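Visitor: I'm new to this one, so please slow down and take a close look at a single part for me: the protein surface near the DNA.

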2 protein chains.
Amino acid sequence: MAYAVNALTTLADPTRRTIFERLAERPQAVGELANGLPVSRPAVSQHLKVLKAASLVTDRAEGTRHIYRIDPRGLGEIRKWLDQFWDASLEAFAAEIEKTESTT
Amino acid sequence: MAYAVNALTTLADPTRRTIFERLAERPQAVGELANGLPVSRPAVSQHLKVLKAASLVTDRAEGTRHIYRIDPRGLGEIRKWLDQFWDASLEAFAAEIEKTESTT
DNA sequence: TTACAGCGTAAGCCATGACTAACGGTAAGT
DNA sequence: ACTTACCGTTAGTCATGGCTTACGCTGTAA
């Protein structure tokens, strides 16, 4: 659950979300990502570090190039965390409607 | 989609997440929430304003008391946004595995 | 080994935003 | 009318975190 929280706060940053989207299309190297982004390469590197810590991406070294791609785990944790509130929300909603309408 | 982004950044704050959790259990007034939280009542009020703007909660006046409860809409937007990447992630994963194993 | 390409890290700056204290405004009770 | 309860808003302070610049490290090519 703490993982989901990390993943959530991680994706809260706009730049990080953009990076995540790009990697969702296809795995990419750091420099590749930096081009086409309004921030410097070190900035991308830092973001990738955070994304990796949240299990949202994985990296693989290919010579001096580091290829990053999406890690489904972080995404899954968020989903799990979200569904828990989704259920609670619907439950509360059902209770409220039952109390108001009582349409059996 | 912009809604989902708002909802996501909104739930990134720990205090706001806690408020959201409390409201998931049962609808509550502002003062009720403030008790049991390590922050002041105005702070809670501000957080509720943000949560409301992200369609994550709804409020209903009951005398001078303002009862807040979860709004499923904001939650739904996040889920929709998330699922889009969930699919992209699995797709990329499948492509990778297919390329590596090719176990038809 | 010399040179270059590709990244990660550290230090420092600056903007965003979370919090408190003080105030104003409305509803209910006496 | 006066008081009290309950809440929203504003102004101002302070910490968090994203960004850049500078530097160091590891491979690859000649």
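Guide: Here is a walk along that surface, one DNA strand at a time, with a short stop at the two protein chains.

A bit of housekeeping comes before the tour. This is a predicted model, where local features need pLDDT of at least 70 and side-chain atom pairs count only at pLDDT 80 or more, while totals for chains, interfaces and linings use all residues. Residues are numbered from 1 along each chain as its sequence is written, chains are lettered from A and ligands numbered from 1 in the order written, and side-chain values use heavy atoms, with hydrogens and water left out.

Let's start with DNA strand C. Around it sit 24 residues, and the closest are A:Gly31, A:Ser45, A:Tyr68, B:Ser40 and B:His47. A residue counts as near a strand if one of its heavy atoms lies within 4 Å of it. Looking from the DNA's side, 66% of the strand C atoms within 4 Å of the protein belong to sugar or phosphate, and the rest to bases.

Now zoom in on polar contacts, that is, pairs of N or O atoms within 3.5 Å; within protein, one must be able to donate a hydrogen and the other to accept it, and residues adjacent in sequence count only if both atoms are side-chain atoms. A:Tyr68 puts a polar side-chain atom 2.7 Å from a phosphate oxygen of strand C. The bases get attention too: an N or O atom in the side chain of A:Gln46 is 3.4 Å from a base nitrogen, and B:Gln46 has a polar side-chain atom 3.2 Å from a base oxygen.

Which elements build this surface? H3 (30–34), H4 (41–53) and S3 (65–70) of chain A, plus H2 (14–25) and H4 (41–53) of chain B, each supply at least two residues. Helices (H or I, at least four residues) and strands (E, at least two) are DSSP runs, numbered from the N terminus. H4 of chain A gives the largest share, five residues. By class, the surface has eight nonpolar, 11 polar and five charged residues. Here Ala, Val, Leu, Ile, Met, Phe, Trp, Tyr, Cys and Pro count as nonpolar, Asp, Glu, Lys and Arg as charged, and the others, Gly among them, as polar.

Next comes DNA strand D. It is surrounded by 24 residues, the closest being A:Ser40, A:His47, B:Gly31, B:Ser45 and B:Tyr68. Sugar or phosphate accounts for 62% of the strand D atoms within 4 Å of the protein. B:Tyr68 has a side-chain N or O atom 2.7 Å from a phosphate oxygen of strand D, and A:Arg16 has one 3.1 Å from a phosphate oxygen. B:His66 reaches a sugar or linking oxygen at 3.4 Å. H4 of chain B gives the most to this surface, with five residues.

Finally, the stop between the chains. Contact (heavy atoms within 4.5 Å) links 25 residues of chain A with 27 of chain B. The rule finds two salt bridges across this interface, a salt bridge being a side-chain nitrogen of Lys or Arg within 4 Å of a carboxyl oxygen of Asp or Glu. One of them joins B:Arg79 and A:Asp83, with N to O at 2.3 Å. On chain A's side, H5 gives the largest share, 14 residues.
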